[in-house]
Amino acid sequence: MENKNIRVAQLSCEYTSNPLGINNLKPLFSWSIHHSERNQKQSAYQIIVASSLENAKKNIGDMWDSKEVNTDQSTVKYQGKLLESKKTYYWIVRVWDKDRNMSPYSEISSFEVGLLYPEDWQGLWIGKPGKGSPLFRKEFKIDKEIKRARVYVSGLGYCEIRLNGEKVGDRVLDPGWTDYDEVVLYSTYDVTSLLRKGSNAVGVMLGNGRFCPPDEVVNKNPYKLKKYHNYPIFILEIYIEFDDDSLVSIISDSNWKTKDGPIIFNDIYDGEIYDARLEEEGWDVALYDDSAWEFAQEVVSPQGKMKSQATFPFIKVDKILPPKELTSPTPGTYIYDFGQNFSGWVRLKVSGPRGTQVKLRYSELLNEDRSLNTNPNQGAEATDIYILKGQGEEIYEPRFTYHGFRYVEVTGFPGIPSLETLEGCFVHSEVKSTGSLFTSCSLVNKIHENIRWGQLSNLMSIPTDCPQRDERMGWLGDAQLVSEETIYNFQMIGFFKKWLVDIKKSQKEDGSVPDLVPPYWDFYPADPAWGTACISIPWDLYLYYGDREILEENYSMMERWVEFLHSQSKDGILELGKYGDWCPPWHIISVETPISLVSTWFYYRDTLLQSKIAKILGNVEDHDRFLKRAEEIKISFNKKFLGDKNFYGWTEDWYRTYLPSNASIGDKEITSKRLHRYLRSQTANILALYSEIVPDDKRKTIWRELIDDIVVVHGNHLNTGIIGTKYILDVLTENGEVDLAFKLVTQATYPSWGYMIREGATTLWERWESLAEEGMNSQNHIMLGTVDAWFYKYLVGIQVDPHFPGWRKIIIKPYPVKDLNFASASLETFRGLISSAWRKDVNSFFLQVSIPANSQAEVQLPKMGWKNIVIEEGGENIWQKGTLVSQKEGIDYAKENEDRIIIQIGSGDYQFKLKEE
């Protein structure tokens with residue numbers, strides 16, 4: 001008997017809703033459970049996969065019927081018949097709760113298989129030699145009723161597909177970036193509604209992207225960009241099924257016609273030049289005279305393996321932003337201020353004489369005279385030029401470039417523009433927003449908002465460092481630092497799984513990986529604090545999504561990386577490194593923290609993490625080997641960087657370089673103390689404390705050293721680069737100094753996140769300093785955004801239990817700092833919604849919690865310094881005089897320690913009130 005109080009929802013295949021064109025023969029299915037009762041979990045499931053919608057409606061699993069499987073697992077790998085290319089499959093699932101009540105079947109979901117094998121591709125790679133953005137077209141006839149039609153296409157670097165005069169899909173800057181010698185991504189589109197009986201036409205417009213940047217751009221780039229080809233190319237197939245089950249394919253070949261298009265220049269850094277006078281009206285519809293066009297050329301296929309991006313978030317226009325202000329610093333020059341730094345471009349509306357050139361220059365800053373300051377762009381021209389055709393109102397937005405900007409300078413405009421002349425298009429990879437956070441502190445809320453804007457601006461098919469200058473690379477260091485932050489805010493598993501493939505493909509035989517992936521710059525080997533991404537990101541995905549397969553798929557890569565670090569070490573110390581604690585206050589390279597200390601710490605951390613992963617995967621031999629090695633590194637770390645001192649970091653052989661060679665022994669002792677005052681390192685002590693490297697007999701003195709440096713020496717300010725900043729708040733909070741951590745977060749004086757906001761930042765900066773001159777001065781970097789994970793994990797208190805990954809068990813452990821009245825956050829997971837919201841007054845502490853079905857939680861209520869505590873849940877006393885006094889549904893047990901009362905709960909909604917009796 002079905003129980004309508006149970007509902008199965010959020011069906012996903014490969015973590016995607018109804019994906020089109022997957023390449024996995026054994027995809028992962030997942031779902032969440034909604035139950036009206038508390039403390040409910042799944043005891044069994046049944047999945048049905050059908051080859052037709054009709055069979056799915058009849059609950060017939062002709063591809064796979066799992067039958068009833070007794071488990072609480074809600075992520076399951078397909079185990080049915082062999083899937084076929086180009087086929088659509090339908091699936092449903094039902095579950096049984098802990099009381100053996102059965103849910104109705106879910107609504108029908110679907111997934112479609114792409115082109116699994118190289119021979120499935122019928123089209124040929126074609127192109128047109130030359131510069132600019134070529135157009136391609138092909139006409140064809142259809143004389144039957146269409147049942148289903150798909151386009152499979154890859155256009156390198158970028159492509160836009162058009163059918164019968166309409167753009168196919170809403171993606172931009174497609175396909176995503178890869179190392180094209182290793183992987184080439186293709187897209188699948190449902191075009192059933194765009195085709196018609198009779199004459200049809202397909203058009204393709206190509207752009208350069210990363211595949212074939214212009215030579216002048218390659219040569220002026222600071223490290224010379226990798227170039228794969230001299231001009232853009234594409235491969236395409238339109239696959240059509242008719243009502244009578246017959247099939248036909250329209251493919252790319254040398255019979256296609258081509259000519260140069262109106263985009264006469266395009267580059268992701270320098271921008272786009274569009275000459276509307278060169279537009280060909282009707283070029284993408286049937287019955288167009290293309291007799292003057294030339295035939296396309298068949299070209300050699302790219303080296304990379306074709307791979308679907310069906311489960312990878314596409315790049316799209318997310319928001320349309322109106323400008324906030326329009327000024328004119330000089331006659332004929334107009335500056336638009338959008339009030340927000342973001343990635344994308346503007347949409348221009350203009351009317352004027354034929355041949356008029358409107359120039360759009362983008363930047364993040366203004367000069368003091370309110371003119372455009374392009375210093376943050378460095379070598380990127382960041383300029384779009386539109387040449388009018390002179391036919392009424394014309395609307396233009398670029399196709400094959402993007403910019404990072406807040407301000408746009410308009411020159412050459414015919415007449416006087418208005419605020420309505422430009423609209424901002426916010427463009428980024430379409431990762432689903434899963435997290436939200438709000439507190440009683442407006443500064444915290446603003447920091448959180450800035451981080452989200454900055455993070456999205458730097459998700460552009462890879463995790464970039466910045467969107468504005470001639471870089472925009474997939475730096476491993478930036479990404480590994482903020483991986484937790486991104487996972488709390490957005491659904492990142494599809495995005496990161498793709499990027500892990502890129503990292504794996506970039507790994508050399510010696511186990512080294514580059515600093516940035518794809519390796520458009522040849523930066524091998526990676527700094528250990530950067531290369532750690534190849535192990536720390538798989539670990540974060542396992543921890544937060546519970547996908548053991550991620551560890552299995554990447555185990556070899558991780559092991560080879562750890563062995564590479566070992567091969568570069570000597571006596572347990574790793575001198576290899578370039579960046580270390582990058583960008584501390586006043587510096588780019590830290591003078592307080594030796595690079596070798598940071599490198600050796602990551603050598604230790606990665607080795608220890610590899611031992612944990614080996615244990616999870618049942619590899620006992622590797623677990624023992626890496627655990628033993630980690631202990632040896634730990635000993636070496638303490639010997640080298642601590643010794644008989646009471647602080648980490650500065651060592652005798654290191655500071656000797658700062659002393660005059662003729663200094664006496666006494667002078668050296670005095671100078672060493674002086675150097676310690678100037679060169680003491682917060683980061684060194686933070687890293688040692690975070691990883692529990694510190695010997696027990698030195699822990700108190702190391703802790704005092706850190707606190708003294710933060711509070712006394714730096715006046716309640718951090719003095720850390722991007723590495724130390726990631727861990728400083730966690731270390732302070734876990735060691736009883738959460739109020740000090742909050743004070744660091746909410747400082748408004750330099751260096752701090754509040755200082756950035758005080759100076760007008762709407763995203764995070766690259767540096768703690770406010771810089772407008774030449775050099776490293778990006779106004780939109782994300783590497784200091786690690787603080788946002790602390791907001792979720794500690795301030796609000798939503799943490800995953802590492803022993804039960806994928807939110808099977810949740811820890812709710814809020815830290816109600818004295819300068820905050822309330823804090824709340826929610827997180828949409830594949831198991832369902834998790835939320836935590838607390839508020840306090842003089843006499844009471846309130847906590848409201850939601851736990852999804854099939855999960856459990858440990859709620860750790862702070863004692864608030866009170867002695868005789870009473871706890872109510874839903875208005876009923878449950879805790880009094882140190883004892884659980886009520887057996888309410890969902891509350892399993894309770895206990896207390898020195899600081900907290902810990903309550904084990906099942907799924908459901910709870911309202912706790914804690915007060916002093």
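Two rings of Phe, Tyr or Trp count as an aromatic pair if their centres lie within 6.5 Å. By this rule, the count comes to 59 aromatic pairs. The structure is a predicted model.

**Aromatic rings**

Take Phe 438 and Phe 822. Their ring centres are 6.0 Å apart, and their planes meet at 35 degrees, so the pair is tilted. The two residues belong to distant parts of the chain, 384 residues apart. Phe 438 sits in strand β34 (residues 435-439), and Phe 822 sits in strand β37 (residues 822-829).

Are these two rings buried or exposed? Phe 438 has a relative accessibility of 47%, so this residue counts as partly exposed. Phe 822 has a relative accessible area of 31% and is partly exposed too.

Now take Phe 495 and Phe 496. Their rings are 6.0 Å apart, centre to centre, with 80 degrees between the planes. That pair is edge-to-face. Both Phe 495 and Phe 496 are buried.

Rings can also gather in a cluster. Which residues form one aromatic cluster? They are Tyr 223, Trp 475, Trp 521, Phe 523, Trp 530, Tyr 579 and Trp 582.

Charges meet rings as well. The charged end of Lys 257 sits over the ring of Phe 295, 5.0 Å from the ring centre. Arg 839 places its charged end over the ring of Phe 846, 3.9 Å from the centre of that ring.

**Pockets**

Next comes empty space. Rolling a probe the size of a water molecule over the atoms shows where such space is left.

The largest pocket has a volume of about 1600 Å³. Its lining has 44 residues, and the closest to the pocket centre are Trp 539, Leu 543, Lys 612, Tyr 690 and Pro 802. Several elements each supply at least two lining residues, among them α5 (483-489), α8 (533-545), α14 (682-690) and β35 (798-800). Which element gives the largest share? That is α10, with 8 residues.

The second largest pocket has a volume of about 1100 Å³. Of its 43 lining residues, Asn 23, Lys 305, Met 306, Lys 307 and Ser 308 are the closest to the centre. Elements that give two or more residues to this lining include β2 (20-22), β14 (183-190), β23 (305-308) and α9 (548-568). The largest share comes from α6, with 7 residues.

**Cavities**

How many cavities of 30 Å³ or more does the structure hold? There are 4. The largest cavity has about 60 Å³ of space. Residues on its lining include Gly 209, Arg 210, Pro 213 and Leu 225. Lys 226, Asp 267, Ile 268, Tyr 269 and Tyr 520 also line the largest cavity.

**Linings by class**

The table sets out the classes of lining residues.

| Space | Nonpolar | Polar | Charged |
|---|---|---|---|
| Largest pocket | 21 residues | 9 residues | 14 residues |
| Second largest pocket | 21 residues | 11 residues | 11 residues |
| Largest cavity | 5 residues | 1 residue | 3 residues |

Read the rows one by one. In the largest pocket, 21 lining residues are nonpolar and 14 are charged. In the second largest pocket, polar and charged residues number 11 each. In the largest cavity, 1 lining residue is polar.

Methods. Residues numbered from 1 in each chain as written. Predicted model: local features only at pLDDT ≥ 70, side-chain atom pairs only at ≥ 80, totals over all residues. Heavy atoms only, no water. 1 Å grid on protein atoms, 1.4 Å probe; cavity = no way out; pocket = protein on both sides within 12 Å on 5 of 7 lines; lining within 4 Å. Points joined across faces, edges and corners; volume = space filled by probe spheres on them. Helix = DSSP H or I, 4+ residues; strand = E, 2+ residues; numbered from the N terminus. Nonpolar A, V, L, I, M, F, W, Y, C, P; charged D, E, K, R; others polar. Phe/Tyr/Trp six-rings, centres within 6.5 Å; stacked < 30°, edge-to-face > 60°. Buried < 20%, exposed > 50% of the residue type's maximum accessible area, 1.4 Å probe, protein only. Lys NZ or Arg CZ within 6 Å of the ring centre and 35° of its normal.
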